[in-house]
Amino acid sequence: MALKATIYKADLQIADMDRNYYAEHGLTIARHPSETDERVMIRVLAFALHASESLAFTKGLFDTDEPDLWQKDLTGAIDTWIEVGQPDEKRLLKACGRAEHVYVYSYSATSHIWWKGIANKLDRTRNLTVINIPAETSVALEKLAKRSMQLQCTIQDGQLWLTDSIDTVLVEREIIKAAA
């Protein structure tokens, strides 16, 4: 018997002063049986950083041909492809060929080792951005995870604060590779 997804619901209020984007999003997130709360919250973080009306969670781990999040234009072409974790270089090269912009949010203490192993294979990609979330930050984000969440996100001067009205997590991102 196949295991089913656990459904998370989040009301996410975003005040992104860097992009002048202010909105409230009702998110439904399907957590794969093999996925951790930490990974779910990194997906929520990635959503907050790229939020728009057309950004959407995909089947993710349920479908290996899709990223964790994507944004398509009106023609159906993929504008933004967002991966969470440590995807292999073949997956990233494929994504770079299919999308205008590709982002990877890595969050493990071993992210630098992973990147060192594939960096030279991805040198030619011009539309790839790799961002590391420090392990202590991702663990703090994991503590915000609940099946039903009320979250507020504030982004200003490159810093992001995510709060659930009890706890607040400051997220400082480390750019490992910037798109050209």
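**Architecture of the predicted model**

His50 is found in helix α1. In this predicted model, His50 has a relative accessible area of 13% and is therefore classed as buried, the cut-off being under 20%. Beyond the residues within four places in sequence, the contacts of His50 are Arg19, Leu55, Gln71, Ile82, Tyr103 and Tyr105. The helix that carries His50 spans residues 37–50. From its first C-alpha to its last, α1 reaches 20 Å, close to the 20 Å expected at 1.5 Å a residue for its 14 residues. Burial extends to 13 of these 14 residues, so α1 is largely enclosed by the rest of the structure.

The protein chain as a whole comprises four helices and 11 strands. Its radius of gyration is 16 Å, close to the 16 Å given by the globule rule for 180 residues, and the chain is therefore as compact as a globular protein of that length. The C-alpha trace spans about 50 × 45 × 40 Å along its principal axes. Of the 180 residues, 47% count as buried. Among contacts between residues at least 6 apart in sequence, 54% join residues at least 24 apart.

Strands of a sheet pair through backbone hydrogen bonds, in either the parallel or the antiparallel sense. In this model, five strands form an open sheet with mixed pairing, in the order β2-β1-β8-β9-β10. The edges are occupied by β2 (21–31) and β10 (168–171); each has a single partner strand, so one side of each lacks a neighbour in the sheet. On average, neighbouring strands of this sheet are turned by 20° against each other, direction ignored. At the β10 edge, strand β9 (residues 159–163) pairs with β10 in the antiparallel sense over four bridges. Within this pairing, Trp161 has Leu170 of β10 as its bridge partner.

Two helices lie across strands of this sheet. Helix α1 lies across β1 (6–16), β2, β8 (148–156), β9 and β10, and runs at about 150° to β2. Helix α4 (residues 135–142) lies across β9 and β10, running at about 150° to β10.

A further set of pairings involves strands β3, β4 and β5. Strand β3 (residues 55–57) and strand β4 (residues 69–72) are joined in the antiparallel sense over three bridges, with Phe57 standing opposite Leu69 in β4. Strand β4 also pairs with strand β5 (residues 78–84), again in the antiparallel sense, over four bridges. Leu69 has Ile82 as its bridge partner in β5; Ile82 is also one of the residues in contact with His50. Five residues separate β4 and β5, which form a hairpin, and Gly76 in the turn has a positive phi of about 95°.

In soluble globular proteins, nonpolar side chains tend to be buried together. The largest nonpolar core of the model contains 38 residues, of which Leu12, Tyr105, Leu141 and Leu162 touch the most other members. The greatest contribution to this core comes from α1, with nine residues. The surroundings of Leu12, leaving aside neighbours within four places in sequence, consist of Ala23, Glu24, His25, Leu27, Val44, Phe47, Ala48, Leu151, Cys153 and Leu162. Another core, of 16 residues, lies apart from the largest one and includes Ala95, Val102, Ile118 and Leu122.

Val104 lies in strand β6 (residues 99–106). With a relative accessibility of 0%, Val104 counts as buried. Apart from neighbours within four places in sequence, Val104 is in contact with Glu83, Gly85, Pro87, Leu92, Trp114, Leu128, Thr129, Val130 and Ile131. Ala23, one of the residues touching Leu12, is 81 residues from Val104 in sequence and 24 Å from it in space, C-alpha to C-alpha.

Asn132 is located in strand β7 (residues 128–132). Its C-alpha atom is separated by 8.2 Å from that of Val104, the two residues being 28 apart along the chain. Asn132 likewise counts as buried, at 4% relative accessibility. With neighbours within four places in sequence left aside, Asn132 is in contact with Ser106, Tyr107, Ser108, Ser111, His112, Glu172, Arg173, Glu174 and Ile176.

Conventions:
Residues numbered from 1 in each chain as written. Predicted model: local features only at pLDDT ≥ 70, side-chain atom pairs only at ≥ 80, totals over all residues. Heavy atoms only, no water. Pairing = 2+ DSSP bridges. Axes fitted to C-alpha atoms, helices over the stretch in contact; angles between N-to-C directions. Contact = heavy atoms within 4.5 Å. Buried < 20%, exposed > 50% of the residue type's maximum accessible area, 1.4 Å probe, protein only. Core = buried A, V, L, I, M, F, W, Y, C linked by side-chain atoms within 4.5 Å. Expected span 1.5 Å × (residues − 1). Rg over C-alpha atoms; globule rule 2.2 N^0.38 Å.
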